[in-house]
Structures are given as structure tokens and as C-alpha cells.
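User: Please take a close look at one part of this model, the aromatic pairs, and then explain the strands around them. I am new to this structure, so please give the cut-offs for each term.

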Amino acid sequence: GEQLWAAQFHDPYGTLFAPVSLPAEPQLGWQAEIPGGPSGGPVVAADGTVYIAGRANVLLAFSPQGELRWQVSLTGTPVGTPALDAQGHIYLSDTRGHVSAFDPQGQLLWDVEASSTREATSGPVVGPSGMVYVTLIDAVVGISPQGVLTWRKTAADTYIDVPPTLNADETL
């Protein structure tokens, strides 16, 4: 989707690669206080908009110049870094075991219960097909772009606390 930084590890494959070069001695352009502290890192849309979730149950959007564009209250405490899809929709997971989708103006599109008993342990990852993947305490779930829980795979006796990373055909 040409997003500058779409998830915790940049993309659904976890490449940590962005095709930009930075000055050898970067300078602070702007800073902002995140209510409750950030739940994870920021994501950056193609137009430079920065989205970040705060542990005080908020999702914030900043212009490339650091001006607060909007702030939305959340019903659950966010977990990890948000994720962006190709259309600029923002996805969040939370401690209630829910995953929520917002449009680029901060309007809630959907909220789905990925688990009634397990909380999310990472931010989501969005694959090229639009599927949203999230790790829970002991499982990984797949949610359709329309907000339908499509599948859940339990990882026996394992605590999973990193976002999923996908292979090219999204089978692993």
C-alpha cells in the first residue's frame, strides 16, 4: 500500500526495510506526549500521517509536522503497535482480546472479539490480501478485512508475544 511504515516490523514480512535515506546526523523534528505512554511504536502512512496508540485508551493521529489531527477514545487498552492496510485503515489489538479497525479520519469501522478469554500480546499485521493477523497469549488469529474472525490456531504450551510475520503467499 506504499505506507512508509505499516506495522511494528515495517511490513507483514518483518523486513525492517524502508526505501529512504536519512541524514548522518538526524535532528529532532517534533515530539508529542502520548497519554499513558505509547503501547508500541508508531506507524506512518504514505502521506506522512503518524498514528500511535496510548495506554490511556487512545489512538492519535499527527500530521507530518507534529500537529495533532485527531484523538479517539478506545474501549480497551491497546497492545503493541497499530498496523495500516493499503487503503490507510488503522488496526489495533487490545487487552480485551479484541481487534478494531478505523478509517484514516479516526471513525470506527468494526470491532471483533478475537478471544473472550485471552488478551492480545502484539499489535496486528495486515497481509497483502487484507487479512489481519494478531497473536493472543497462546494463539494466532486471522480476521477478514470486513472484521470477521476467519480462523484461530492455538500454539500448545507457548506464550506468543511478537507480531506474526508472513511468507509471500500468506500460508505461514
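Analyst: The count comes to 4 aromatic pairs. Rings of Phe, Tyr and Trp (its six-membered ring) pair if their centres lie within 6.5 Å; planes under 30 degrees apart count as stacked, over 60 as edge-to-face, and the rest as tilted. The model is predicted, so local features need pLDDT of at least 70 and side-chain atom pairs count only at pLDDT 80 or more, while totals for chains, interfaces and linings use all residues. Residues are numbered from 1 along each chain as its sequence is written, and side-chain values use heavy atoms, with hydrogens and water left out.

One of the pairs joins tyrosine 91 and tryptophan 110, with 5.8 Å from centre to centre and 50° between the planes, which makes it tilted. Tyrosine 91 belongs to strand β6 (residues 90-94) and tryptophan 110 to strand β8 (residues 108-113), so this pair ties together parts that are 19 residues apart in sequence. Strands (E, at least two residues) and helices (H or I, at least four) are DSSP runs, numbered from the N terminus. Tyrosine 91 is buried, at 2% relative accessible area, and tryptophan 110 is also counted as buried, at 13%. Here buried means under 20% relative accessible area, exposed means over 50%, and partly exposed lies in between (1.4 Å probe, protein chains only).

Another tilted pair is made by tyrosine 133 and tryptophan 151, whose ring centres are 6.0 Å apart and whose planes meet at 50°. Because tyrosine 133 lies in strand β10 and tryptophan 151 in strand β12, the pair ties together parts that are 18 residues apart in sequence. Tyrosine 133 is buried, at 6% relative accessibility, whereas tryptophan 151 is partly exposed, at 34%.

Both of these strands sit in an open sheet of 4 strands, with the order β9-β10-β11-β12 and antiparallel pairing. The edges are β9 (125-126) and β12 (149-154); each has a single partner strand, so one side of each is left without a neighbour in the sheet. Two strands pair if DSSP finds at least two bridges between them. The antiparallel pairing of β9 with β10 (residues 132-135) runs over 2 bridges, and valine 126 has valine 132 of β10 as its bridge partner. Strands of a sheet pair through backbone hydrogen bonds, either parallel or antiparallel.

Earlier in the chain, strand β2 (residues 50-54) is mostly covered, with 5 of its 5 residues buried. Val50, Ile52 and Gly54 point one way from β2, and Tyr51 and Ala53 point the other way. In a regular strand the side chains alternate between the two faces of the sheet. Strand β1 (residues 43-44) pairs with β2 in the antiparallel sense over 2 bridges, with valine 43 opposite tyrosine 51. These two strands form a hairpin with 5 residues between them, and glycine 48 in the turn has a positive phi of about 95°.

β2 also pairs with strand β3 (residues 58-62), antiparallel and over 5 bridges; valine 50 stands opposite phenylalanine 62. The hairpin of β2 and β3 has 3 residues between the strands, where asparagine 57 takes a positive phi near 60°.

After β3, glutamine 65 lies in the loop that leads to β4 (68-73). Glutamine 65 is exposed, at 55% relative accessible area. To return to the aromatic residues, the C-alpha atoms of glutamine 65 and tyrosine 91 are separated by 23 Å, and the two residues are 26 apart along the chain.
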